[in-house]
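The following report describes how the helices and sheets of one protein chain are arranged. Please read it alongside the sequence and the coordinates.

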Amino acid sequence: VEITIDQEGDEAINKAFTTVGQVQHLMSFYDPLSELNQINRWAHQVSLVVHPWTAEIIKIAQEIYSQSNGLFNCGIGHRLVNAGLLPRHIDLSQYQLGGIEDVQFMGPQTLRASKPICLDLGGIAKGFAVDMAVKILISEGVSSGLVNAGGDLRVFGDSPIPIHIRNPKNPSELLEIGTLQNAALATSSLYFSKRDGQVSHLINPLVDESDSHLESSGSYSIVAKECVYADALTKVLAISNQAHHPCFAKFSAQAIQIAI
């Protein structure tokens with residue numbers, strides 16, 4: 001994560017990084033002790049009281065799931081585990097797994113799942129961490145700056161920032177697409193997966209697991225007010241291949257698609 005501000009402010013930057021670390025501690029799939037993995041392990045058996053940020057993320061994920069007609073569903077963690085892209089902390093192979101739609105809230109921070117689940121909040125949580133870092137910086141009196149979490153970035157303040165996206169035909173080449181001001185941009189693409197010989201991490205949750213890994217070579221970007229929405233909606237763009245999908249207008253988002 002890279003944080004750039006327009007003034008001296010080590011304390012503000014340190015607080016912002018601490019906030020990013022807290023989001024990771026709560027929602028990392030890689031940490032077997034994270035709150036996310038406790039949800040995956042126990043939520044189908046008992047009600048759990050979770051951190052307000054975790055509750056907020058799951059509610060946002062459910063909203064995007066509903067508005068995208070299921071194209072965005074972070075309940076596909078098991079598919080990424082089976083593909084070797086995420087660690088196997090819990091053996092859920094004997095279960096018929098549900099998705100984000102099977103999580104129910106009994107209170108503001110109390111949830112339970114009607115089916116066993118394997119949530120992966122990776123991308124949307126990264127976008128949320130960027131937003132929280134920006135919120136901390138603003139609360140500390142920082143007037144403008146940028147938080148960049150590798151594919152997820154947000155600019156705030158009066159200064160427009162030039163924005164570049166990797167060329168999917170040649171990932172070492174950067175394409176300048178314009179400037180960004182008081183907005184967020186997230187990008188999803190498979191060029192590094194293809195370079196490293198990995199299976200695609202972009203999953204279509206509406207098809208059978210054996211056919212669910214997208215193999216597109218393009219680049220999918222979303223501009224939105226907040227990074228949490230920008231990140232999640234890149235998945236809707238990649239899966240639907242519709243630059244004007246109806247849910248983008250719902251979240252005041254705009255698509256940027258670079259095809260090969």
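## Helix α5 and the two sheets

In this predicted model, helix α5 is followed by Gly141, whose phi is positive, near 90°. The helix itself comprises 18 residues, 122-139, which at 1.5 Å a residue should span 26 Å, and the distance of 26 Å between its end C-alpha atoms agrees with that expectation.

Many side chains of α5 face the interior: Ile124, Ala125, Gly127, Phe128, Ala129, Val130, Asp131, Met132, Ala133, Val134 and Leu137 are buried. The elements against which the buried residues of α5 pack are the strands β1 (2-5), β5 (145-148) and β6 (152-156), together with the helices α1 (10-27), α3 (52-67) and α7 (227-240).

**The helix pair α1 and α5**

Helices α1 and α5 pack at an angle of about 150°, and their axes are 8 Å apart. Because angles over 145 degrees count as roughly antiparallel, α1 is roughly antiparallel to α5, and the crossing of the two helices is right-handed. On the α1 side the contact is made by Ala12, Ile13, Lys15, Ala16, Thr19, Val20, Val23 and Met27, and on the α5 side by Ala125, Phe128, Ala129, Met132, Ala133, Ile136 and Leu137. Among these α5 residues, Ala125, Phe128, Ala129, Met132, Ala133 and Leu137 also belong to the buried set of the helix.

**The sheet of 6 strands**

An open sheet of 6 strands, with antiparallel pairing, has the order β1-β5-β6-β9-β10-β11. Strands β1 and β11 (254-258) stand at its edges with a single partner strand each, so that one side of each is left without a neighbour in the sheet. Direction ignored, neighbouring strands of this sheet are turned by 10° against each other on average.

Three of the pairings in this sheet, and one in the other sheet, are set out below.

| Strand pair | Sense | Bridges |
|---|---|---|
| β5 and β6 | antiparallel | 4 bridges |
| β9 and β10 | antiparallel | 6 bridges |
| β10 and β11 | antiparallel | 5 bridges |
| β3 and β4 | antiparallel | 3 bridges |

Individual residues can be followed across these pairings: Gly145 has Phe156 in β6 as its bridge partner, Ala184 stands opposite Ala224 in β10, and the bridge partner of Ile222 in β11 is Ala255. Strand β10 is mostly covered, since 5 of its 6 residues are buried.

Helices also lie on this sheet. Helix α5 lies across β1, β5 and β6, and runs at about 20° to β6. Helix α7 packs on the sheet as well, where α7 touches β6, β9 (183-189), β10 (219-224) and β11, and the direction of α7 makes about 145° with that of β10. Strand β6 is thus contacted by the buried residues of α5 and touched by α7.

**The sheet of 3 strands**

A further open sheet, of 3 strands, has the order β2-β4-β3, again with antiparallel pairing. Its edges are formed by β2 (48-49) and β3 (103-105), each of which has a single partner strand, so one side of each is left without a neighbour in the sheet. Strand β4 covers residues 110-113, and the bridge partner of Phe105 in β4 is Leu111. Helix α3 packs on this sheet, touching β3 and β4, and its direction makes about 120° with that of β3. Helix α3 is also one of the elements against which the buried residues of α5 pack.

Key:
Residues numbered from 1 in each chain as written. Predicted model: local features only at pLDDT ≥ 70, side-chain atom pairs only at ≥ 80, totals over all residues. Heavy atoms only, no water. Expected span 1.5 Å × (residues − 1). Buried < 20%, exposed > 50% of the residue type's maximum accessible area, 1.4 Å probe, protein only. Contact = heavy atoms within 4.5 Å. Pairing = 2+ DSSP bridges. Axes fitted to C-alpha atoms, helices over the stretch in contact; angles between N-to-C directions. Parallel < 35°, antiparallel > 145°, perpendicular 65-115°, else oblique. Left-handed = near helix turned anticlockwise from the far one by under 90°.
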